[in-house]
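Hello,

Here is the structure I promised to pass on. Have a look at it first, and my notes follow underneath.

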Amino acid sequence: MWNWGQTAGEYIRRLTGAAASATDHSILLYMTMRFSRVIQKIQDVKAYYAGDKLNVEVDIVVDEGTSLRDAHDVGESLQYILESVPTVDRAFVHLDYDPWNLPSHMNQLDR
């Protein structure tokens with residue numbers, strides 16, 4: 001009975017969007033850091049459960065002189081690499097050319 005309760009608690013936690021473990025987060029951050037020299041900065045890495053596996057959101061900065069084709073290819077390739085991690089279900093890579101941004105673009109609309 002105790003074991004069943006622990007298992008149920010873990011599934012409830014994952015279904016309600018629990019954050020990834022520190023180990024999973026570190027692995028995803030390391031993979032992103034080492035992925036390409038085109039990436040100048042990592043603004044944010046979020047990983048949270050949406051069911052049994054993680055959804056990952058990565059915000060990266062590339063040089064504004066990088067062509068759209070190259071930036072797209074880096075972002076898409078990084079997405080596929082992150083999705084190859086066994087604990088990851090879906091990855092979203094957001095690209096920007098400006099390292100200074102408000103924490104959320106939606107906050108800009110409220111003003």
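G51 counts as buried because its relative accessibility is 15%, where buried means under 20% relative accessible area, with a 1.4 Å probe and protein chains only. G51 sits in the loop that links β1 (39–49) to β2 (54–62). Its C-alpha atom is 9.6 Å from that of A18, and these two residues are 33 apart along the chain.

Please keep in mind that this is a predicted model, in which local features need pLDDT of at least 70, side-chain atom pairs count only at pLDDT 80 or more, and totals for chains, interfaces and linings use all residues. Residues are numbered from 1 along each chain as its sequence is written, and side-chain values use heavy atoms, leaving out hydrogens and water.

Now for the chain as a whole. It has four helices and three strands, taken as DSSP runs (H or I, at least four residues, for helices; E, at least two, for strands) numbered from the N terminus. Their order along the sequence is α-α-β-β-α-β-α. Of the 111 residues, 25% are buried.

Helix α3 (residues 68–83) is a good place to look next. Its buried residues are A71, V74, G75, L78, Q79 and L82. They lie on the same side of α3 because they cover an arc of only 135 degrees around the axis, judged by the directions from the helix axis to the C-beta atoms. Among the elements covering them are α2 (22–33), β1, β2 and β3 (88–96), with contact meaning heavy atoms within 4.5 Å.

Enjoy exploring!

Technical notes. Buried means under 20% relative accessible area, exposed over 50%, partly exposed in between (1.4 Å probe, protein chains only).
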